[in-house]
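This briefing concerns symmetry and backbone geometry. Please look over the sequence and the structure before reading on.

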Protein chains: 2
Amino acid sequence: MKVDCEKASFEARFNLLADQRSPFCLGVDPSSSMLGSWELPDTIGGLTTFCDRLAGWIGSSLAVVKPQIAYFERFGPKGLEALVEFVHTMQEQKALVLLDAKRGDIDATNEAYGQAVFDRQTGYGVDAVTVSPYLGFDALEPLFAAAEGAQGAVFVVVASSNPEGRFLQNARTETGLTISEALADAIAERNRRGPRRCCGAVIGATRDDVGVSLVARIGEALILVPGLGAQGASYNTISMMSRPRSVIPTAARSILAQGHDRSAFVDALNVQREAAYSLRV
Amino acid sequence: MKVDCEKASFEARFNLLADQRSPFCLGVDPSSSMLGSWELPDTIGGLTTFCDRLAGWIGSSLAVVKPQIAYFERFGPKGLEALVEFVHTMQEQKALVLLDAKRGDIDATNEAYGQAVFDRQTGYGVDAVTVSPYLGFDALEPLFAAAEGAQGAVFVVVASSNPEGRFLQNARTETGLTISEALADAIAERNRRGPRRCCGAVIGATRDDVGVSLVARIGEALILVPGLGAQGASYNTISMMSRPRSVIPTAARSILAQGHDRSAFVDALNVQREAAYSLRV
């Protein structure tokens, strides 16, 4: 794996860029209907045009973008080539790329996912990835190790923004903690072990049932917060969290839906950039 | 999405082939160390040679193969092109392909994964896929719908073969059921709703703590059972399950490790094929 040993940790790079640009993270979700609303065909050509146009419009305005891999993977290997192109373009624009992939498996398999995600020669070469903990937090260790080697980060889904996951995420383990609480503790512990913090969390802005208490136990971890905009949550929920400077607010559909028009898109993006920036000051 | 409306359901095709060939499912895990033990370079060329050789050796001896996508994805888009090639080759040999991908996200994203997995024009075009339920069983519905449209199947991880997932999978939901039990019930219910059974389960052969009771509540669902061989479980555990004809036993490393030698590989595969076949008679 090619690693740039001179670069700083994901957290340090994020903090620098967030102060310069904004902590707001734009989700990149080129769904069939989104391409349609951009008046693009639902083809690999439409996807490529979408990515090129979007990268141009974003310019150097964002610290971090979050492509959802499913919307690229639906076009198979060619769609993932378009993803790699987009990753390179955004990194040339000095933005961090957080791949929304919810990967997660047994440990031997997670080692291969670590290569897929972080290797800049043969894999996607992104800066961070979301992972799903159903096969266990400890099984994710090879992904944490790969992130450390690449100065990247892994964001574990702790409490998702959608309603369907609550029956599972709020279930109680034999210690009496909920699953989300046990994961928050495990993230804090993994970051304490070091050598540097590589482990973040995903906690939905819609999760006002648990969000504040989870943030309180998660140590210094970065927290990706989806659910703004199309999913209905607001910055009020986020500002209740105890460490707003660790928060990376993210939304996709509500902003991308303006994509037929550059100035409408930029205006919608700037509203989010400024609202997110206010969390840091 | 291109769908062959004349073909039978995944379950019907599996049962026919399992009676003719064997229900044993070979896991295809071309890890870095596995390529090494086959005396192949850890490159896209090594991966392609591995797949070609393996497909030739399998021939028409198996009902179903299970490529683990992480080991292809570690080579990025080119690795996934090799996966698509392998899928086509195995389908030409009339085997079913169950993609081990543990995908799972919110519902809008799962719709895109449905395209990625089942679409034969632009996606991987496989017959079935494993999914991870951390974001909720109901959020998986678009994947079930895509499977129904393609006469395919979706295998939900209920109780994984590795030890690290137990704290989560055995946690209790507010109804008093464990998460695994609640998922088993949801699978049974989804299959009852129809129009045909498209929903299977993954229950590790190593899970003698819960395996028998989960199988008893899961209705008529097919059950993928990993954990044989390298992970230590045996067919004794499986034969305790109440519906052995619904079981798809699977192993990878213990058989692939014979890959430097065709006859050793075929012998190891035949031992598994016969042991698995004995479950059906």
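Is A:Lys94 buried or exposed? In this predicted model, A:Lys94 is exposed, its relative accessible area being 58%, which lies over the 50% cut-off for that class. The points below take up the relation between the two chains, the cis peptide bonds and the residues with positive phi.

**Relation between the chains**
- A turn of 180°, with a shift of 0.0 Å along the axis, lays chain A on chain B with an RMSD of 0.0 Å, and the two copies are therefore related as by a two-fold rotation axis.
- Both copies use the same surface, since 100% of the contact residues of chain A recur in chain B.

**Cis peptide bonds**
- Most peptide bonds are trans.
- In chain A, the bond that joins A:Gly194 and A:Pro195 is cis, with omega about 10°, and A:Pro195 belongs to the loop between α9 (179-193) and β6 (199-203) of that chain.
- In chain B, the peptide bond from B:Gly194 to B:Pro195 is cis, with omega near 15°, and B:Pro195 is placed in the loop between α9 (179-193) and β6 (199-203) of chain B.

**Positive phi outside glycine**
- Most residues other than glycine have a negative phi.
- A:Lys94, which is not a glycine, has a positive phi near 65°, and this residue is found in the loop between α5 (76-92) and β3 (96-103) of chain A.
- B:Glu39 also has a positive phi, near 60°, and lies in the loop that runs between α2 (32-37) and α3 (44-58) of chain B, where B:Glu39 is exposed with a relative accessible area of 69%.

Technical notes. Residues numbered from 1 in each chain as written. Chains lettered and ligands numbered in written order. Predicted model: local features only at pLDDT ≥ 70, side-chain atom pairs only at ≥ 80, totals over all residues. Heavy atoms only, no water. Least-squares fit on C-alpha atoms with pLDDT ≥ 70 in both. Contact = heavy atoms within 4.5 Å. Helix = DSSP H or I, 4+ residues; strand = E, 2+ residues; numbered from the N terminus. Buried < 20%, exposed > 50% of the residue type's maximum accessible area, 1.4 Å probe, protein only.
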